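Hello,

Here is the structure I promised to pass on to you. Please open it beside this email and look up each residue as you read.

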Amino acid sequence: MKLYLIRHPQPDVEKGLCYGDMDVPLLAGWRTGAHSLKNALSLDFSADSTLCFHSPLSRAALLGEYLSDGHSQSVTALKELDFGDWEGQCWQNLPRQEIDDWANDIVHSAPYNGESLQVVADRVWHWWLSVKDTPMEHCVVVAHSGVIKVFVSLLCQWPLNQCHRIDVGFTSVTEFAINGEFVALKRLGAGDWV
């Protein structure tokens, strides 16, 4: 199976805004890049061998539905990390001590009264285990930076506390080839269709 992890297009938000699992709009013109991506993927989503899943947040749902011609399934487990008290605030305005506390144990801490990275990893992995054995040749997942970083770390068995080092650009694709327990990373965060 080929697994494609696709990040949503750039949202229309203030630069530096912490928006985690807030539902925010996309920048006007997002369909231009989405169209190029759809052509590059050239998958037949009406076939049973190709499945598409997306986060219920509109910035991912719109892309998932667009790419799959309405054949994408909404999955709550694919929502971005909930930053709780930090949602809707600019990163530069957050209390420095809270950010430092989080950075000291990025996997388990949540000084913002939201989800920890481990909670996101658990829900993403639980969902993946429930669908990975479904007969399919292509699996497209449209989600968020945090979800994709966690997913890549889990599939590659990389330390979760280092997943913040993975760069996942807007509308980028990370591709895996999966054959049973064998997982091969084909490309990480590539956006060469634009």
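Below is what I found, taken one region at a time. Please keep in mind that this is a predicted model.

**Helix 2 and the residue after it**

Let's begin with helix 2, which covers residues 58-68. Its buried residues are Arg 59, Ala 60, Ala 61, Leu 63, Gly 64, Leu 67 and Ser 68. As you look at that list, it helps to know that an α-helix has 3.6 residues a turn, so residues three or four places apart point the same way. What do the buried residues of helix 2 pack against? Their partners are strand 1 (2-7), helix 1 (30-41), strand 2 (50-54), strand 3 (72-74) and strand 4 (138-143).

Just after helix 2 comes Asp 69, with a positive phi near 55°. Asp 69 also forms a salt bridge with Lys 38, and the closest N and O atoms are 2.4 Å apart. Lys 38 sits in helix 1 and Asp 69 in the loop between helix 2 and strand 3, so this pair ties together parts that are 31 residues apart in sequence. Lys 38 is partly exposed at 23% relative accessible area, while Asp 69 is exposed at 52%.

**More salt bridges**

The count of salt bridges comes to eight. One of them joins Lys 2 to Glu 175, where the closest N and O atoms are 3.8 Å apart. Lys 2 is in strand 1 and Glu 175 in strand 5, so far along the chain that 173 residues separate them. Is Glu 175 buried or exposed? Glu 175 counts as buried because its relative accessibility is 11%, which is under the 20% cut-off. Lys 2, at 37%, counts as partly exposed.

Another salt bridge links Lys 79 with Asp 21, again with the closest N and O atoms 3.8 Å apart. Lys 79 lies in the loop between strand 3 and helix 3, and Asp 21 in the loop between strand 1 and helix 1, so the pair ties together parts that are 58 residues apart in sequence.

**Thr 174 and its surroundings**

Now find Thr 174 in strand 5 (residues 173-179). Thr 174 is buried, with a relative accessible area of 0%. Its side chain reaches the backbone nitrogen of Gly 189 at 2.9 Å. Beyond its neighbours within four places in sequence, Thr 174 has contacts that include Leu 3, Leu 5, Ile 148, Val 152 and Leu 185.

Leu 185 belongs to strand 6 (residues 182-190) and is partly exposed at 31% relative accessibility. Together with Trp 158 and Leu 188, Leu 185 makes a nonpolar surface patch of about 250 Å².

**The aromatic rings**

The whole structure holds 14 aromatic pairs. In one of them, the ring centres of Phe 83 and Trp 86 are 6.2 Å apart and the planes meet at 15°, so the pair is stacked. Both residues are buried: Phe 83 at 10% and Trp 86 at 1%. Trp 102 and Tyr 112 form an edge-to-face pair, with 5.8 Å from centre to centre and 85° between the planes. Trp 102 is in helix 3 (residues 96-104), and Tyr 112 is in the loop between helix 3 and helix 4 (117-131), ten residues apart. Trp 102, at 14%, is buried, and so is Tyr 112, at 0%. Along with Trp 91, these four residues form one aromatic cluster.

Enjoy exploring it!

Best wishes

Conventions
Residues numbered from 1 in each chain as written. Predicted model: local features only at pLDDT ≥ 70, side-chain atom pairs only at ≥ 80, totals over all residues. Heavy atoms only, no water. Buried < 20%, exposed > 50% of the residue type's maximum accessible area, 1.4 Å probe, protein only. Helix = DSSP H or I, 4+ residues; strand = E, 2+ residues; numbered from the N terminus. Contact = heavy atoms within 4.5 Å. Polar contact = N/O pair within 3.5 Å; in protein donor to acceptor, adjacent residues only side chain to side chain. Patch = residues over 30% accessible without salt bridge, like charges linked within 9 Å, V, L, I, M, F, W, Y side chains within 5 Å. Areas by Shrake-Rupley, 256 points an atom, 1.4 Å probe, with all protein chains shown as cover. Salt bridge = Lys/Arg side-chain N within 4 Å of Asp/Glu carboxyl O. Phe/Tyr/Trp six-rings, centres within 6.5 Å; stacked < 30°, edge-to-face > 60°.
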